[in-house]
Every structure is written in C-alpha cells, then in structure tokens.
Amino acid sequence: MTISEVSKKYNISPATLRYYEREGLIPGVTRSAGGVREYDEAACEWVGTVKWLRSAGLGIEALAEYAALAQQGDGTCAQRKELLQTQREQLAGRIDALRESLERLDRKIAYYEDCCKGSCN
C-alpha cells in the first residue's frame, strides 16, 4: 500500500506516518525504485498498533521503546509486558480522574436544572 492508502485506511495524515517512520515506530516500510513508500501487511499492522497505543496515551518515547523491543524478538517479552502494564496503570488513573470530573459535571448540571426551575439556593 502507498502512504496515501495507509493514511486513508487508518485515518492518519501522511505527515504523521512519515514522522512515525522516522521515529522507528513503523518498521518494515520499504521504498519502490522511484522512492515511493510501500507498506506491506506487517507495516500496516504496526500502523494499527501505534494508533491504538497512542490512543491509550503512550508517548512517542514509550512507543519507540516498545517498537525497538518488539523488533528484538521474544526475548524482550517481559520488558514489553512491563512497559504496557505501566502504561495501563497510567491510563486507569486518567480514566478515574475523568470519571470523577464527569460525576462533578453531572452534579453541577443537576443543580442548574433545579435552579432553572426556580429552586436555586
């Protein structure tokens, strides 16, 4: 697949894909004789992996570490698991904070609903 096709498939801009490639997050992207990037199935799987890990909150540095470890093979399984567990804990903390914010917003909305009915205190 070309960068344009991958961009459309994963809803990621070509500039972002080029950046991810430069940072070592998408291994295996080859070039045609004319210099056009060619994404095979494995490279596309990496694009999908990077996209969901970014949505989980992983930064570029953590993603680069994960990709480098993955490319080293099964001997890094424990390190990758630890990295993902750390990220999971951080994500769970952000989710808890968001839930608390949502609950506070719901209480404030309920207050204003009562207030609009004339029962503000």
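The legends below describe several views of one predicted model.

**View 1. The whole chain and its order of elements.** The chain holds five helices and two strands (DSSP runs, H or I of at least four residues for helices and E of at least two for strands, numbered from the N terminus), and from the N terminus on these elements run α-α-β-β-α-α-α. The radius of gyration, taken over C-alpha atoms, is 21 Å, well over the 14 Å that the globule rule (2.2 Å times the number of residues to the power 0.38) gives for 121 residues, so the chain is more spread out than a compact globule.

**View 2. Helix α4 and its length.** At 1.5 Å a residue, the 13 residues of helix α4 (residues 60-72) should span 18 Å, the expected span being 1.5 Å times one less than the number of residues; the end C-alpha atoms of α4 are 18 Å apart, which agrees. Just after α4, Gly73 takes a positive phi of about 105°.

**View 3. The buried side of α4.** The buried residues of α4 (under 20% relative accessible area, 1.4 Å probe, protein chains only) are Ile60, Ala62, Leu63, Tyr66, Ala67, Leu69 and Ala70. These buried residues pack against α2 (14-22), α3 (41-55) and α5 (77-116).

**View 4. Confidence along the chain.** The average pLDDT (the predictor's confidence in each residue, from 0 to 100) is 93, and 98% of the residues score at least 70. Among the elements, strand β1 (residues 30-31) has the lowest mean pLDDT, 92, and helix α1 (residues 3-10) the highest, 96.

**Notes.** Residues are numbered from 1 along each chain as its sequence is written, and side-chain values use heavy atoms, with hydrogens and water left out. In this predicted model local features need pLDDT of at least 70 and side-chain atom pairs count only at pLDDT 80 or more, while totals for chains, interfaces and linings use all residues.

How values were computed
Buried means under 20% relative accessible area, exposed over 50%, partly exposed in between (1.4 Å probe, protein chains only). Contact means heavy atoms within 4.5 Å.
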